[in-house]
Each structure stands twice: as C-alpha cells, then as structure tokens.
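Me: Please examine the pockets of this model closely, with attention to what lines them. A connected account would be preferred to a list.

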Amino acid sequence: MTSKRTTTSRIDYTLVLILFLLFLVSCISIYSAQTTEQYGENFLFKQIVWYVVGIGIILAVITLDAEQLKKISWYAYGFGLLLLGFLVVAPESIAPVINGAKSWIRLPGLGQIQPAELVKVFLILALARVIDDHHQKTQLKTVKTDFFLLFKMLIVTGFPLLLIMQQPDLGTSLVILAILLGMVFISGITWKILAPIVSVGVTLVVGIFYFVLWHPELLEKYLGVKEYQLGRIYSWIDPYNYQSSTGFQLTRSLLAIGSGETTGKGYGTREVYLPESHTDFIFSIIGEEFGFIGASVVVSLFFLLIYHLTKIGISTRTPFYTYVCVGVISLITFHVFQNIGMTIGVLPITGIPLPFISYGGSSLMGNMLAMGLIFSIGFHSKRYMFSRSS
C-alpha cells in the first residue's frame with residue numbers, strides 16, 4: 001500500500017535549504033568580487049535574476065514524472081545537438097570566439113548563452129533512458145549484451161562530445177566524459193569489460209602527459225591540441241616560471257588563498273588582484289576573505305549536497321531515477337573537484353565554474369535544470385506504508 005502525500009510534503013526541503021545556502025555564498029562572494037576596479041557591471045543583480053530563472057526551471061521540471069522525462073529525453077538530446085551544431089556553422093557575429101573557444105550564442109538583449117551547459121543535463125537524461133530501456137528489454141544479461149549497452153552509451157555520448165571538441169572546450173569535454181564514466185559504472189556492465197577499458201584509459205592519460213612534456217608537437221599535429229591548452233599544463237606544473245603569462249591566474253590564486261590563512265582577512269578586505277575572480281576563481285575570493293574555515297564551510301556544503309543526492313539515488317524505487325541521480329552526482333562532483341582543484345594548484349586550469357556559486361547564467365541554468373530533475377524524483381516517488389523507511 002502507498003500513502004498519499006500533500007503537494008507541500010512532497011517537496012525536498014533539505015535540498016531547498018542547501019541550495020539557499022549556496023545562493024547566499026554566491027551573492028556574498030560575487031558582491032565582493034565586483035568591487036574590483038576591472039568590473040563595471042552589477043554581476044550580483046544578474047546572478048539573482050538567473051537564480052530566479054533557475055527557480056522557474058525547477059518549478060517547470062518538477063511537474064514531470066519519470067515516464068514524461070523519458071518521453072522528452074530524446075527531444076531534449078536532439079535539441080542540444082542542434083544547438084551545438086549551430087555553434088559550429090554560426091558566424092562570429094552570433095557565436096563569438098572568446099578565449100579561443102566558440103562556445104557561446106549571442107542573444108540580443110539577453111546576453112550570451114552556452115549551450116553545452118544545458119547539453120550536459122540533456123545527455124544525463126538520454127543515457128538514463130538508454131540504460132533503463134536496455135535493462136527492460138534484456139531478459140538474460142551476458143557479456144555480449146553488456147558490450148551492446150556500452151556501445152550505445154558511447155554512441156550517445158560521442159555526438160555531443162565531438163561537437164564540443166570542435167569549439168574547442170576541453171573543460172566541458174572532461175565533464176561529459178565524467179558523466180559517461182559515472183553512468184557506465186552504475187549501468188551494471190560487467191567488470192570483465194570495464195577493467196580492461198579502465199586500464200587502457202589510465203595508460204592513455206599517462207601517455208598523453210608523456211607527449212605533453214616531451215613531444216608536444218605531435219599532439220598539436222595529430223590531435224589538434226592548441227598551444228594555449230598545452231600552456232595550461234606547463235603553467236600548472238611550474239606556475240611561477242609562467243607567472244607573467246599562462247601561470248598568472250594560478251599564482252595569484254595560490255597567493256590569495258594562502259594569504260587568507262585560517263580565518264581570512266575579513267569580508268571585502270582583499271589585497272590580491274585576480275582577474276575574472278567572479279567566475280572560475282570565486283573560490284580564491286572565499287579563501288582569501290574567509291580563510292581555511294570559510295573554504296571548509298563551502299566544501300562541506302557541497303559534501304552535504306552530494307551526500308543528499310546519493311541518498312535520493314539509493315532510496316528511489318525507479319531505476320530511471322537512480323540513473324539520473326548518478327548522472328547529476330557525476331556532473332556536480334566533477335565540477336566541484338576540478339574547480340577547487342585548479343584554484344589550489346592540484347589540477348590544471350580548465351575554465352570550469354564552481355556550481356551554484358560562480359557567476360554565469362548558462363552554468364546556473366544547467367545546474368538548476370539538474371536540480372529540477374532531483375526535485376522531480378522526490379515529488380513523484382511513492383511512499384510505502386510498511387517499508388523500512390516508515
């Protein structure tokens with residue numbers, strides 16, 4: 001038997017609280033960042049507007065149950081491919097090249113939108129449907145059927161990945177691969193297939209680093225790797241040797257976070273100049289002004305968010321919802337790990353924003369769309385009167 005729940009009782013208030021706290025952190029950090037002399041815009045106001053838009057997205061998505069989400073998954077996926085394909089052929093007056101990447105579509109009166117941020121979520125829906133449909137149609141699980149499932153997942157991921165690489169956008173490409181990796185592991189594919197693939201992947205990464213360090217000309221010639229992308233690797237390994245060029249942001253970020261020490265310098269009392277600190281390097285502002293304690297609070301908020309998403313994924317009785325949860329967890333986890341890692345020098349700089357905190361309408365809309373899927377899971381999941389949770 002199932003118990004009926006009111007509309008308000010079906011809302012995930014824990015998730016609401018976590019997102020509200022991240023919203024406060026975002027507003028506080030962006031307001032401090034925009035006081036730097038290089039900025040003449042009110043980024044805080046724009047961020048609040050984007051949050052309002054994001055809430056509208058959540059309210060729209062929360063009305064869709066699992067079957068409806070499955071029905072629109074291919075339409076959303078196809079729409080995302082059309083947007084990415086349009087970027088490839090669009091003139092620079094519509095799709096300007098920014099920092100070497102053609103990743104944005106200029107909308108008159110509305111600013112710029114980055115389609116790849118929405119495509120990440122559309123891909124999660126598409127992969128979740130592929131896995132769910134495969135298991136419903138496959139009565140007997142074998143190595144052959146697992147190979148077929150993996151093949152389908154690679155094809156679905158391959159199309160947006162190739163289009164994103166045309167921009168080129170290394171950071172988003174890595175996020176797409178992280179989503180694929182997370183959903184492959186939850187798909188039930190046997191380790192007889194995954195173990196060799198993981199081994200080859202690790203070998204490939206080691207090989208790439210070898211060529212980056214000793215034979216970069218081969219990567220430029222045969223893989224189309226740009227010089228500025230190689231510069232990010234070099235400046236990551238030895239930032240102070242490149243602090244006048246590609247290592248400038250990293251050295252300033254390390255100085256800002258390190259100078260914050262334990263308790264920080266206090267709100268609004270920054271001393272380290274860091275360009276574009278309201279976007280990708282927002283964590284550096286938090287580290288300088290609020291120190292190790294403030295940075296730890298932010299990391300803890302993300303830990304609580306990921307932990308809560310994990311609980312939802314485990315507790316839901318609908319496999320499709322579980323796959324969606326894993327995709328969203330992979331998306332958020334990689335963003336947080338990569339962004340914070342690059343600001344403290346643990347990982348190379350890839351231009352990935354900090355979810356819900358960095359300024360950016362496209363990123364925020366994509367993340368709020370992902371949260372809309374999570375809210376939908378709690379809103380439409382049934383409660384059983386005699387289950388263990390009761």
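Reply: In this predicted model, the largest pocket holds about 1,800 Å³ of space. Its lining is made up of 43 residues, and those closest to the centre of the pocket are Leu170, Leu174, Leu177, Val205 and Ile208. Several helices take part: helix 5 (143-165), helix 6 (170-186), helix 7 (191-214), helix 9 (227-237) and helix 12 (319-343) each contribute at least two residues to the lining of the largest pocket. Among the contributors, helix 7 gives the most, with ten residues. By class, the lining of the largest pocket consists of 33 nonpolar, seven polar and three charged residues.

The second largest pocket encloses about 1,400 Å³ of space. It is lined by 48 residues, and nearest its centre lie Ile98, Asn99, Trp104, Thr279 and Asp280. At least two lining residues come from each of helix 2 (43-61), strand 3 (111-113), helix 4 (115-137), helix 6, helix 9, helix 10 and helix 13 (361-380). Helix 2 provides the largest share of this lining, five residues. The class composition of the lining of the second largest pocket is 18 nonpolar, 22 polar and eight charged residues. Helix 6 and helix 9 supply at least two residues each to the lining of the largest pocket, and each of them also supplies at least two to that of the second largest.

Helix 10, one of the elements that line the second largest pocket, may be described further. It covers residues 248-260, 13 residues in total, and spans 19 Å from its first C-alpha to its last, close to the 18 Å expected at 1.5 Å a residue. Within helix 10, the buried residues are Leu250, Thr251, Ser253, Ala256, Ile257 and Gly260. After helix 10 comes glutamate 261, which has a positive phi, near 50°.

The loop between helix 6 and helix 7 contains serine 187; both of these helices help to line the largest pocket. Serine 187 has a relative accessible area of 1% and is therefore buried, the cut-off being under 20%. A polar atom of the side chain of serine 187 is 2.6 Å from the backbone oxygen of valine 184. When neighbours within four places in sequence are left aside, the contacts of serine 187 are with Ile131, His135, Leu149 and Met153.

Note on methods: Residues are numbered from 1 along each chain as its sequence is written. This is a predicted model: local features need pLDDT of at least 70, side-chain atom pairs count only at pLDDT 80 or more; totals for chains, interfaces and linings use all residues. Side-chain values use heavy atoms; hydrogens and water are left out. Helices (H or I, at least four residues) and strands (E, at least two) are DSSP runs, numbered from the N terminus. The expected span of a helix is 1.5 Å times one less than its number of residues. Buried means under 20% relative accessible area, exposed over 50%, partly exposed in between (1.4 Å probe, protein chains only). On a 1 Å grid over the protein atoms alone, a cavity is a set of points where a 1.4 Å probe fits but cannot get out, and a pocket is an open set with protein on both sides within 12 Å along at least five of seven lines; lining residues have an atom within 4 Å of a point. Grid points are joined across faces, edges and corners, and a volume is the space filled by probe spheres set on the points. Ala, Val, Leu, Ile, Met, Phe, Trp, Tyr, Cys and Pro count as nonpolar, Asp, Glu, Lys and Arg as charged, and the others, Gly among them, as polar. A polar contact is a pair of N or O atoms within 3.5 Å; within protein, one must be able to donate a hydrogen and the other to accept it, and residues adjacent in sequence count only if both atoms are side-chain atoms. Contact means heavy atoms within 4.5 Å.
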